[in-house]
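The entry below is discussed as a series of questions about how its labels are earned. Each reply sets a value against the rule behind the label.

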Amino acid sequence: MRKVVFLVFVTSCISVFSQDSTFNFSTGARFKKYIGFYWQNGIAAEFNSDKLLKNKLSFGLNVVSSTLGTALINNAIPTLEIELSAIKYFRTEKKLKPFVRLNTGFAVANFGDDRFDNINNKSALLSIETGIKTKIYKSIELVTGGGLNLISGNGFSNLGTVYPTYFQLSLIYIIQ
Amino acid sequence: MFKLFFLILSLIVFISCKKEDKTPPINSAVDLDGNLINDSSLVYPNHFLLSASNVSPSSIDKNKPVLIAVHGFSATTFEWIELRDFARLNNSFQTSVILLGGHGRDYDDFKNASWENWQSPIIEEYNKLRKLGYTNISFIGSSTGCPLIVEAIYSGKINTDVLKHVFLIDPIVVPSNKLLSLVNVVGPILSYSESAMASGENGFWYRYRPYQALKQLNELTQSVRKKLEKGITLPVNVNMKVYKTEKDDAADPISAVLLFKGVKLANGSSIDLQMIPSNLHVFTRLKGRPSVTTSDLQLQSSVFNEIKNSL
């Protein structure tokens, strides 16, 4: 239920801001790899507006899952991570735009058997990320970088599939 | 901003490339890491290894179940002494307690050993017992001993014709401390990590863990995790049971999930698995712990008896 409310909220925000001529929206695929653990792939979306902090910050949404990554053809644990982000770009007039990003959200895992019911299967996410964004073709942008999870899991107080560091690559299509 | 980034990066590369490791402040009178204390099995192998204590087994001995016990990372044969004593008391099965390669000696031996070196005494003892004619051999591993056993079976390093059971106690496939995944970067900077030990554990575990050994642990667990993801089918007639504590500061409980999903019996059915409501890493070892509760003792006894009855 919480996931549905969350998605409705995000969709509503996009719909409200899309009426605004200064509103920029882009979406695409995100490929995330924890160093020493799984590939988790999914979608990324990003938007900014003059009406929202005068374009100084962009906002993002990432939804990735190991079901589209390591667990696609393997016996890996299915995981889902949903994050909201605040992004600050530098050198916005140049071809290579460095950025810093603060992500927060939650992660869940499906262990698939009743015997694992007492293992922690969820965790809050809080990470800082940095990297570079560049336009690679007309409306397509490549975002690449790495991040540090400030909350990583030990398996009992937090979900054990959340590792401290990751790198990511996103291919984004500029819609508006 | 870029200048600062490259400065930090250069500093990390410089520190990572430095040749000299820091030497830990080993107290040889107390620590296993020094050159005064060694594992007892190096001096009295016949008290630990069946191949050394019984070089010409009778036909009764050959058919009596043998349990090869394999300890974990930085530990010694001490981890399985209680099982050995339990077996002697019950007299229904025999044990052979292995000392992993690079373990039980000094810091430099530990630092210089690869995980393949750790594994080789397991294979050696199994092959010796098989050659002596033992017909009913099983493995029991704790912590890092578990991926070493699983890897040996998966890679065909042993002939499994006389192998019957594999018992895994608190197996480590995913470490609880996720910083292990950064050992290649952080390791050369820190050189070693110190582990907190109770006074009853002094001299039986390495106090200082060189980053080279942690790197080997990381390689082993990563390698076994990937094998589990692809799927491991046990040889015909070999059973496996996993016992995993729910709260464990060394082996993440998801290690049990990965083993359950990744290992199948030869007939395609699932392995046996039991989650244990305890927060002790290697709950079957109680000796040397600062405090032991009645339920810890009951748990140890019930698991030892269950293992005895299934052999």
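The questions concern a predicted model, and they deal with salt bridges, burial, the interface and the cores.

Q: Why is the pair Glu141(A) and Lys133(A) called a salt bridge?
A: The N to O distance between their side chains is 3.2 Å. The rule asks for a Lys or Arg side-chain nitrogen within 4 Å of a carboxyl oxygen of Asp or Glu, so the pair qualifies. Glu46(A), Lys133(A) and Glu141(A) are also linked in a network of salt bridges.

Q: What makes Glu141(A) and Lys133(A) count as buried?
A: Glu141(A) has a relative accessible area of 7%, and Lys133(A) has 8%. Buried means under 20%, so both carry the label.

Q: How do you know that Lys244(B) and Asp170(B) form a salt bridge?
A: Their closest N and O atoms are 3.7 Å apart, and the cut-off is 4 Å. Lys244(B) lies in strand β8 of chain B and Asp170(B) in the loop between β4 and α9, so the pair ties together parts that are 74 residues apart in sequence. Lys244(B) is buried, at 0% relative accessible area; Asp170(B) is buried as well, at 0%.

Q: Why is Glu306(B) called partly exposed and Lys241(B) buried?
A: Glu306(B) has a relative accessible area of 33%, which falls between the limits of 20% and 50%. Lys241(B), at 11%, is under the 20% limit. The two side chains meet in a salt bridge of 2.7 Å, N to O. This pair links helix α12 of chain B, which holds Glu306(B), to strand β8, which holds Lys241(B), 65 residues apart.

Q: How many salt bridges are there between chain B and chain A, and what else is found across that interface?
A: The count between the two chains is 0 salt bridges, although the whole structure has 17 over all chains. Across the interface there are 10 residue pairs in polar contact. Chain B and chain A bury about 2500 Å² between them, 68% of it on carbon and sulfur atoms.

Q: What makes the set that includes Phe111(A) and Trp118(B) a nonpolar core?
A: A core is made of buried residues of the nonpolar kinds listed for it, joined through side-chain atoms within 4.5 Å. The largest such set has 74 residues, and Phe111(A), Phe116(A), Ile68(B), Trp118(B) and Met240(B) have the most contacts inside it. Helix α10 of chain B gives the most to this core, with 7 residues. Apart from it lies another core, of 22 residues, among them Leu67(B) and Phe304(B).

Technical notes:
Residues numbered from 1 in each chain as written. Chains lettered and ligands numbered in written order. Predicted model: local features only at pLDDT ≥ 70, side-chain atom pairs only at ≥ 80, totals over all residues. Heavy atoms only, no water. Buried < 20%, exposed > 50% of the residue type's maximum accessible area, 1.4 Å probe, protein only. Helix = DSSP H or I, 4+ residues; strand = E, 2+ residues; numbered from the N terminus. Buried area = accessible area lost by both parts, 1.4 Å probe. Polar contact = N/O pair within 3.5 Å; in protein donor to acceptor, adjacent residues only side chain to side chain.
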